[in-house]
Amino acid sequence: MNLALTILVEGLGYASYLFIVSLGLTIIFGVLKILNVAHGAFYAWGAYFCAFLIGEFSAMGVSDLGTMIAIPIAALVVGIVLGSAIERTIIRNLYGRDEVLIVLATFGLFLVLEDVILLLFGVDPYFAFQPTYAMPGVQIGGIYQDGYKLSMIALSLVVGIISWVVLNRTHWGKLVAAIIFDSDLAVAMGINVRRVFYVVFVAGAVLGALGGAYIAPTISVAPGFGVEVIVLSFAVVVIGGMGSIAGAAIGALMVGMLRAYAVLQWPEIELFVVYAVMAAVLIFRPEGLFAPAKARKI
Amino acid sequence: MTHSMDRTLVGLTVGFAVVALLGVFVLPDWLLSQTLIAFSRALAVVGLLVLWRTGLVSFGHALYFGLGAYTVAMLGRELGITEVLITLPAAAVFSALVGFGLGFIIRKYREIFFAMLNLAFSMVLFGILVKTESLGSTDGFSVEQPTIFGLGTDDASVKLIALFLGVCAVGWLVAVLVHRYLGSVLGSLTTAVRDNEIRVEYLGYSVAEAIHGKYVMSAALTGLGGGFMALALGQVDPESMVNWTVSGELVFITILSGPGSVAAPFIGSLIFELLRTYAYELVPYAWQLIVGATLLLIIFFLPGGVWSLISRLTGRRDAGRPESSRPESSRGEANP
Amino acid sequence: MKSMKYATAIGAGLAAALAMAAPAGAQDTVSMGVVSFLSGPAAGPFGVPARNGAEMVIDAINSGSLPAPYNTKGFAGATIEADFLDEAGGNTKQVAEYRNLVQKRGVDVVVGYISSGSCAALAPVIDELETLTILAICGTPRVFEEAPRKYSFRTMAHATADNVAAALYIRDMFPEIKSYTGVNQNYAWGQDAWRDFNLTMNKVMPNAKASDKLQFPKIFAGQYGSEISALALDDAELVHSSFWDGDLEGFIFQASPRGLFKNKKVLFTVGGTAAYRLGKRMPEGLIIGARGPYGILVRDRDTELNKWFIQTYFDRYGTYPSGPAYQFGQAILATKIAYDKAGAAAGGFPTQAQVIDAYTGLEFESFSTTVKMSLGGGHQATTENPLGITYWDADAAEVAVKDVKFYPAECVMPPDGETSVEWIEKGMSGAKC
């Protein structure tokens, strides 16, 4: 019982940040048809900037809990500044080119952004543990879970709900849906596709940075830690269905639960179980478990 | 057609002969060693080139690279077989067999799904290797000293020269064979498949089988490259042989080289290796930045890769696009 | 005609790529490559202090300002020209970089390497390339146990000493412990550490039982939430960990709010490196080692050399030297002593073979302890090994250790010719404690 509860909490905690990161990746893919490897860089930048700000705020005398304000600041600043800069200079010039070549271009971009982090923030890891110390531990299933992890689960729920509302209940959401469905048709209908692309890319970047910023206080923020999250969020997105929000949620939950189960019960399979599931999904349901609707073209 | 094939054959033969002679008589050991590493990787890149001509790019060929490397290393460690005339073919054959098996699934996929499915398979192997203590987990393990015709050597420079000549000979052979294959009817289906699959089917060929064949071929070449790499470095480990970044690197070199010729991967790999060495030496904290920026520059300004530059410099304007045009331009989508 | 152009294209391309290089080399000075983690999670806690320690000792040797009897200038009179390189990027990359260092840059001696992975991978390559190489920190005993080595030396004790000493410390200080578990990284270092500790515990505390749910996360994983849960769910009273680098600090930060250090005894064999860096956030009551008599565990050792080391380091870098600073400094010092000794015997600047002869079996007084190169045919050092328990020293406003116990070298390391595992399994016969 304790074990089951622990797996549930661990899995949810892990799934929550994966969901936020993957959501950014999947909406960019859904709308722009770009599989963005540099998404890992947004994540890393978000984490670095957040950890840096928390350190600064803490030095200024802000309370441990108060330093959490750094999280939304870092996510928005990194997402908007870096996201805009990249969309305007690189991504914009890639629209319409070969899908795989775009992936490679974003891989190049990722390498560049990783090293700019090194040059800017140095090689020493950052520790921004203050928020995790500020939240009391909660006893669940016989062991202490940190309150911060529970807050992460709550945040991911909020992010998920907001995204759903924006996409399904607002004018903007309808524009986006129209473009996902068929971008040529959207152009014909007079939608400013360029503008929507831009906004969606930046929104995706903010989400990537938010995932990084929120996880920052629980890890040592060190060079190169964006590498793993890229393939993990690829796995999430592929499992759920590329371009689908519900898919990102389901994919993140599956990956989170699988990994928590593996670490606690079967550590040998921890590292590949996720990719085995990814391969299985591709084999049996290549469009993912929740593929978005596709326009039928004749 | 025959005429153009002969030209390339002569070019390849002269090129490799010159490099081999330079290597034996002129080049210092470190450069020899880098060329060895670069050509090992180039074998894998030739494999990727075969797929790329079909419009397919794999983000998971580190699977075969790692299989080849671990095959060579494990034959030495588990069975005491160090004979390169056995271990290297074994690396290629084993990779080809795995490629043949997975090919039944993979041949149905195109574009991003093809890339992703390969990625997933390679990450499964990565996860297994990292968790396998008997194979050294994250550390990997050392490769036994290789022998040829039962002969070994303790002298590092002799071993280096022998391996170098070996990779030159195999590189030449692979380049020639792949070149002939691409010129054959079966091989030229490559471009046809990329341009219009349905038309190929109407001609009475099975697209799935054509792709399957190319996939196995690329797996074998990549495995062979991995096997050479294991011998060149004397060490195998999951991070530098099987992780997704290795696949990314291979694709990177493919783009850097350009699809123009089977000679391009060898030149591209060498440039990549030197670029990395010098970047690492000059700016140790920013070598990835230089490598990444190079990749972006190539994609934006030199879509035909280094090959198109070389052929332009030597006065052959059309050499960058032999047989047919590049994948991305053939899709007919202009830049916005 | 056309074929010639084609040939030129291919040939010229390959040749042009090959021509982009130029060799280098000089004598009268000793060129040295110093390799440690300069980027990545291991840089801050290990690589940077290691480099600092090496840099400080090299400068002191070049200016002849080390305390007596080491106050002569240079390596047998020759000035050291050091290049500092990054160990990050994995074993295979390190092998390639090592080849570059020796073959391309032509360095005379290489000092460094922190990760056991690097050393295990390099050991055969070093003998192949025949260049004197000093392994400064890496711990795996396998390097000198699986084959005799000619060109490499390790100037500090191997990891068996840490874990045997740790088990003895538990027996001496916490004899009531009934069960224990472990969280270690999944490569040679972590696997060996757990194996040695567990085997020794079986001998010295046969009534204590090891858990069957051991955790071996991937090195540099960064996130340990699930592992911490698994440890918390485990009934074991004691947790053994050989975590080092940023993983160690990350683990401490993640486990603290979850009460792990309150509910269990936790033993960190390399905990010393975190003490100064974490300051007040370092939990109290941790059992820590420092891979030998270095850093916080010898903070108050009152010898000229140690006082010089601590003071000079503090003045230069604004913090107290941790283990890696000592360990790299020690490797440089040992190399100077070997060069000087060989030079004196040869009556001039020594050849590499003479330096190797002088190095083999060397015994010397280092900054914080006595070092004997007595294992692996005179290539592997032995030293004493201490452990202690952390507490917050409110008066000095810094972390300190109490209940420090030193275990002599002959007590925690096997005699020459016997592998660690054999020795422990045979009940550590001949150990002088």
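Visitor: What's the average pLDDT of chain B?
Guide: Chain B averages 83, and 89% of its residues score at least 70. pLDDT is the predictor's confidence in each residue, from 0 to 100. This is a predicted model, so local features need pLDDT of at least 70 and side-chain atom pairs count only at pLDDT 80 or more, while totals for chains, interfaces and linings use all residues. Side-chain values use heavy atoms, with hydrogens and water left out, residues are numbered from 1 along each chain as its sequence is written, and chains are lettered from A and ligands numbered from 1 in the order in which they are written.

Visitor: Where in chain B is the pLDDT below 50?
Guide: Over residues 317-336 of chain B. That stretch still has 38 contacts in the model beyond near neighbours in sequence, a contact being heavy atoms within 4.5 Å. Where pLDDT is low, the predicted coordinates should not be read in detail.

Visitor: OK, interfaces. How many residues are in the contact of chain A with chain B?
Guide: Chain A puts in 48 residues and chain B 43. Between them they bury about 4200 Å², with 78% of it on carbon and sulfur atoms. Buried area here is the accessible area (1.4 Å probe) that two parts lose on being put together, summed over both. A:Arg97, A:Val100 and A:Leu104 supply 15% of the area that chain A buries against chain B, more than any other three residues.

Visitor: Any charged pairs there? Which residues form the salt bridge between A and B?
Guide: A:Glu270 and B:Lys131, with their closest N and O atoms 3.1 Å apart. The rule finds one salt bridge across that interface, where a salt bridge is a side-chain nitrogen of Lys or Arg within 4 Å of a carboxyl oxygen of Asp or Glu. There are also seven residue pairs in polar contact, both residues at pLDDT 80 or more. A polar contact is a pair of N or O atoms within 3.5 Å; within protein, one must be able to donate a hydrogen and the other to accept it, and residues adjacent in sequence count only if both atoms are side-chain atoms.

Visitor: And which helices of chain A supply at least two residues to the side that touches chain B?
Guide: Helix 4 (99-121), helix 10 (226-240) and helix 12 (273-284). Helix 4 gives the largest share, 16 residues. Helices (H or I, at least four residues) and strands (E, at least two) are DSSP runs, numbered from the N terminus. By class, this side of chain A has 36 nonpolar, three polar and nine charged residues. Ala, Val, Leu, Ile, Met, Phe, Trp, Tyr, Cys and Pro count as nonpolar, Asp, Glu, Lys and Arg as charged, and the others, Gly among them, as polar.

Visitor: Now chain C against chain A. What area is buried there?
Guide: About 2600 Å², with carbon and sulfur atoms giving 58% of it. C:Gln223, C:Arg258 and C:Arg281 supply 24% of what chain C buries against chain A, more than any other three residues. The contact takes 31 residues from chain C and 36 from chain A.

Visitor: How many salt bridges cross that one?
Guide: Two. In one of them, C:Arg281 meets A:Asp64 at 3.9 Å, N to O. C:Arg258 turns up in a network of salt bridges too, linked with A:Glu10, A:Asp146 and A:Lys149.

Visitor: Switching to inside chain C. C:Arg99 and C:Glu128, buried or exposed?
Guide: Both are buried, meaning under 20% relative accessible area, with exposed over 50% and partly exposed in between (1.4 Å probe, protein chains only). Their side chains meet in a salt bridge at 3.3 Å, N to O. The pair links helix 3 (residues 91-104) with helix 4 (residues 116-129) of chain C, 29 residues apart.

Visitor: What about C:Lys336, which residue does that one form a salt bridge with?
Guide: C:Asp340, with the closest N and O atoms 2.9 Å apart. The two are four residues apart in helix 13 (residues 323-346) of chain C, so about one helical turn separates them. C:Lys336 is buried at 1% relative accessible area, whereas C:Asp340 is partly exposed at 22%.

Visitor: Last one. What does C:Val412 touch?
Guide: Not counting residues up to four places away in sequence, its contacts include C:Thr160, C:Val164, C:Leu168 and C:Trp423. C:Val412 sits in helix 15 (residues 409-412) of chain C and is buried, with a relative accessible area of 0%. C:Val164 is 248 residues apart from C:Val412 in sequence, yet 5.5 Å apart in space, C-alpha to C-alpha.
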